[in-house]
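Subject: Structure handover

Hello,

Here is the structure I promised to pass on. Please open it before reading my notes.

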Amino acid sequence: MTMTATASAATQASPYLSINNVEVIYDHVILVLKGVSLQVEKGSIVALLGANGAGKSTTLKSISNLLRAERGDVTKGSIEFKGNRIDQMTPNDLVRRGVIQVMEGRHCFGHLTIEENLLTGSYTRKDKGEIAANLDKVYNYFPRLKTRRTSQAAYTSGGEQQMCAIGRALMANPSVVLLDEPSMGLAPQIVEEVFEIVKDLNQKEKVTFLLAE
């Protein structure tokens, strides 16, 4: 099983986020990743490409440290962000540092409205003015969400839920967004719209993206 990383032009030579010879094991016995290394430059968009089962999602979860929720663990290698080891940090600590994952399958809270879903992304923020400004920014990038802000997420389209999941990540002022299978189950026109927004966020908000497809 193989994966390939491709990147857009970066803004600096030294790695912003680096994965160094990482090995991941589930349930103490199932080897899922072995010897995976990649670098993500600040201000870049890096695409991690591979077939189903190649380990793309596991690679992203090893960075966000969501592996432990699935009885997985990084058993070898290291992961660094801005020159500091992060592979032993909690997901909560990583969110506060600006490393945020948008999960495969969106994972919106179906019983909450779109706006309530977005506000869950601001739980690490205390400044009400900042939260309101971030919400306005999300609605500026995703005007469809503003129209649907009072709708329960369960009754919105797959594309709207994907936009909501990305918008929820933006509410936390991310430096790096780990975007897992953003085009899954979406119509080609919606996929194009989502990726145009990702490009705008990268260029205008200086958000670095590592995405798996």
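Below is what I found, starting with one helix and ending with a pocket.

Keep in mind that this is a predicted model.

**Helix α6**

Start with α6, which covers residues 158–170. At 1.5 Å a residue, its 13 residues should span 18 Å. The C-alpha atoms at its ends are 19 Å apart, which agrees.

How many residues of α6 are buried? The count is 12 of the 13, so the helix is largely enclosed by the rest of the structure. The buried set includes Glu160, Gln161, Cys164 and Arg168. Gly159 and Leu170 are also in that set.

Several elements cover these buried residues. Among them are the strands β7 (99–102) and β8 (176–180). The cover also includes the helices α3 (114–120), α4 (128–141), α5 (143–147) and α7 (188–204).

**Threonine 156**

Next, look at the loop between α5 and α6, where threonine 156 lies. Threonine 156 is buried, with a relative accessible area of 9%. The cut-off for buried is under 20%. Its side chain reaches the backbone oxygen of alanine 153 at 2.7 Å. Leaving out residues up to four places away in sequence, threonine 156 touches Ile114, Arg148, Ser151 and Gln161. Gln161 is itself one of the buried residues of α6.

**The cysteines**

The structure holds zero disulfides. Cysteine 108 is in none, and the nearest cysteine sulfur to it belongs to cysteine 164, 4.0 Å away. Why is there no bond between them? A disulfide needs the two sulfur atoms within 2.5 Å, so 4.0 Å is too far.

Both cysteines are buried. Cysteine 108 has a relative accessible area of 16%. Cysteine 164 is at 0%, and it is one of the buried residues of α6.

**The largest pocket**

Last, the largest pocket. About 440 Å³ of space lies in it. Of the 21 residues that line this pocket, which are the closest to its centre? They are Val95, Ile100, Gln101, Tyr123 and Arg168. The elements that each give two or more residues to the lining are α2 (91–97), β7 and α6.

This brings us back to α6. Arg168 is among its buried residues, and Arg168 is also one of the residues closest to the pocket centre. β7 appears twice as well: it helps cover the buried residues of α6, and it gives residues to the pocket lining.

Best wishes

Note on methods: Residues are numbered from 1 along each chain as its sequence is written. This is a predicted model: local features need pLDDT of at least 70, side-chain atom pairs count only at pLDDT 80 or more; totals for chains, interfaces and linings use all residues. Side-chain values use heavy atoms; hydrogens and water are left out. Helices (H or I, at least four residues) and strands (E, at least two) are DSSP runs, numbered from the N terminus. The expected span of a helix is 1.5 Å times one less than its number of residues. Buried means under 20% relative accessible area, exposed over 50%, partly exposed in between (1.4 Å probe, protein chains only). Contact means heavy atoms within 4.5 Å. A polar contact is a pair of N or O atoms within 3.5 Å; within protein, one must be able to donate a hydrogen and the other to accept it, and residues adjacent in sequence count only if both atoms are side-chain atoms. On a 1 Å grid over the protein atoms alone, a cavity is a set of points where a 1.4 Å probe fits but cannot get out, and a pocket is an open set with protein on both sides within 12 Å along at least five of seven lines; lining residues have an atom within 4 Å of a point. Grid points are joined across faces, edges and corners, and a volume is the space filled by probe spheres set on the points.
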